[in-house]
Amino acid sequence: MAASEVASSSTPTASTHHAYIASLVPPTEAQFYEISQIQAEKEVENRRKMKAHQRLSSDQALPPDDQGEDAAARMIQKTFRGYRARREMDGYSINPSTRWVAAVRDAHESGSEAESREETSPEDKAALRQQRQVENAKRRAEARTMGLQYFLEMIDVKHRYGSNLRIYHEEWKRSDAQENFLYWLDYGAGRHVELDACPREQLEREQVRYLSREERQYYLVKVDAEGRLCWAKNGARIDTTEQFRDSVHGIVPADDATPVFRPTANPLADNSDSDSDSSAESRREADRAAKYATPEFDNASGVKKIHHLSTSTIINKLLRKSVRPNCWIFVADTNFRLYVGIKDSGAFQHSSFLQGGRISAAGLIKIKNGRLQSLSPLSGHYRPPSSNFRAFLQSLKLEGVDMGHLTVSKSYAVLVGLETYIKTTKKSKSFVGKLLRTKDKAADSKPAQKAMAKLSIKSDQ
């Protein structure tokens with residue numbers, strides 16, 4: 001058989017590809033839920049075994065050889081977790097949640113790309129490839145990562161709220177502990193530490209939900225023919241009102257029977273029923289009020305407030321509005337896919353959608369009957385600049401979103417003003433620094449030294 005015949009026989013035709021696509025039948029929502037429950041139970045069991053093993057290894061004295069092997073194993077695990085987290089941020093993660101949804105989507109995309117490649121000339125292919133490379137490089141350069149204080153949240157197995165972990169991390173740095181921070185916090189000397197700024201009960205209770213790839217699809221937004229925003233899961237138009245709530249299957253009507261998501265790894269979840277609803281709600285209100293607090297600025301009076309005024313203080317003042325009930329948030333990934341959900345401080349944040357990965361834009365959103373009403377570029381986890389927000393608005397226009405009723409929040413103007421102020425301040429400091437360096441060089445030059453020498457001789461005479 002000729003080589004060309006072998007190549008042609010091994011290349012799938014469009015009909016074969018479509019037949020393969022049609023044969024892929026994704027599980028139902030009930031099956032998806034059952035799979036996720038089994039996976040969650042296995043994760044809990046693995047954590048229990050790991051804790052038992054760590055307690056056993058810490059209680060028993062190991063021989064010198066075993067101590068070296070144990071230290072090497074810990075180093076390998078620590079290094080791999082960091083490597084895995086970096087790959088997840090770049091979108092290269094392969095995990096058990098990558099199942100039918102990703103398989104069907106990738107098959108559809110590969111099929112459409114294969115058909116388009118057959119109809120495109122080599123020159124056009126090269127131009128399109130180069131254009132994609134430029135666009136991808138630009139998106140990667142402009143993509144935002146989470147603030148440093150929230151990286152602890154991402155690498156923590158429980159995903160405890162980043163600001164709370166940061167408080168204990170400062171205590172760990174002041175101690176003489178030899179273990180890594182998370183081991184010190186849960187199993188080392190730090191497991192007995194209780195800080196007034198963040199009680200242990202609050203630290204364990206506030207665990208941010210990180211969505212799997214399957215769960216993320218429940219919050220994905222698409223644009224219909226009229227430019228209205230709809231849920232990709234069922235095509236229903238979005239309304240950011242109190243008539244809807246969050247659940248294990250994304251946003252559902254308030255009277256829907258779908259259960260609320262509960263973190264199975266939270267040891268305090270079982271004790272929540274013992275507390276009264278009023279006390280639990282008042283406790284959560286107090287925790288929400290403490291978010292983005294600025295005590296130095298608030299407690300100062302008169303002119304002293306100016307000394308405590310900073311860009312961080314202003315941003316925190318704006319972010320305080322985002323901890324109120326029924327606050328809807330959005331995230332756009334590096335391909336400008338839009339995800340929308342209801343914020344729950346310390347439980348569901350901007351980092352929840354993409355597991356702390358890179359984003360193109362993030363903020364607050366209001367939608368009425370699918371029509372975009374209001375946008376704000378506020379995010380405590382990412383704090384994206386105004387340029388990212390403008391690029392996001394441009395992407396919405398290109399997608400055909402109805403923006404005739406859109407109002408941009410005043411926080412955008414404040415953000416632009418702060419960025420302009422920071423740039424001006426940096427330029428002023430740079431200019432003053434150059435002047436000082438120029439004066440120092442002039443004073444060190446030979447003509448200046450001769451002039452100074454003459455002046456000193458005349459003064460001596």
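A residue counts as buried under 20% relative accessible area, as exposed over 50%, and as partly exposed in between (1.4 Å probe, protein chains only). The structure is a predicted model, in which local features need pLDDT of at least 70, side-chain atom pairs count only at pLDDT 80 or more, and totals for chains, interfaces and linings use all residues. Residues are numbered from 1 along each chain as its sequence is written, and side-chain values use heavy atoms, with hydrogens and water left out.

**Exercise 1. Determine how many helices and strands the protein has, and what share of its residues is buried.**

Solution.
1. Helices (H or I, at least four residues) and strands (E, at least two) are DSSP runs, numbered from the N terminus.
2. On that basis the protein has 19 helices and nine strands.
3. Of the 461 residues, 33% are buried.

**Exercise 2. Describe the largest nonpolar core and the surroundings of Leu-372.**

Solution.
1. A nonpolar core is a set of buried Ala, Val, Leu, Ile, Met, Phe, Trp, Tyr and Cys residues joined through side-chain atoms within 4.5 Å.
2. The largest such core has 45 residues, and Phe-353, Leu-372 and Leu-375 have the most contacts inside it.
3. Among the elements that give two or more residues to this core are strand 7 (361-368), strand 8 (371-376) and helix 17 (386-398).
4. With contact meaning heavy atoms within 4.5 Å, and residues up to four places away in sequence not counted, Leu-372 touches residues including Leu-229, Ile-365, Leu-396 and Leu-406.
5. A second, separate core of 11 residues includes Leu-165, Phe-181, Leu-182 and Leu-203.

**Exercise 3. Place Gly-404 in the chain and decide whether Gly-404 is buried or exposed.**

Solution.
1. Gly-404 lies in the loop between helix 17 and strand 9 (407-408).
2. Gly-404 counts as exposed because its relative accessibility is 64%.
3. In sequence, Gly-404 and Arg-371 are 33 residues apart; in space, their C-alpha atoms are 8.7 Å apart.

**Exercise 4. Examine the salt bridges of Arg-237 and identify the parts of the chain that they join.**

Solution.
1. Side chains of opposite charge can pair when their charged atoms come close.
2. A salt bridge is a side-chain nitrogen of Lys or Arg within 4 Å of a carboxyl oxygen of Asp or Glu; by this rule the count comes to 14.
3. Arg-237 forms one salt bridge with Asp-224, with the closest N and O atoms 3.3 Å apart.
4. Arg-237 lies in the loop between strand 2 and strand 3 (244-247), and Asp-224 in the loop between strand 1 (221-223) and strand 2, so this pair ties together parts that are 13 residues apart in sequence.
5. Arg-237 is partly exposed at 29% relative accessibility, and Asp-224 is partly exposed at 22%.
6. Arg-237 also forms a salt bridge with Glu-226, where the closest N and O atoms are 3.0 Å apart.
7. Glu-226 sits in the loop between strand 1 and strand 2, 11 residues from Arg-237.
8. Glu-226 is exposed, at 53% relative accessibility.
9. Elsewhere, salt bridges that share partners join Asp-156, Lys-158, Arg-160, Asp-186 and Glu-204 into one network.

**Exercise 5. Decide whether the partners Glu-215 and Arg-209 are buried or exposed.**

Solution.
1. The side chains of Glu-215 and Arg-209 meet in a salt bridge (3.8 Å, N to O).
2. Glu-215 has a relative accessible area of 18% and is therefore buried.
3. Arg-209 is buried as well, at 6% relative accessibility.
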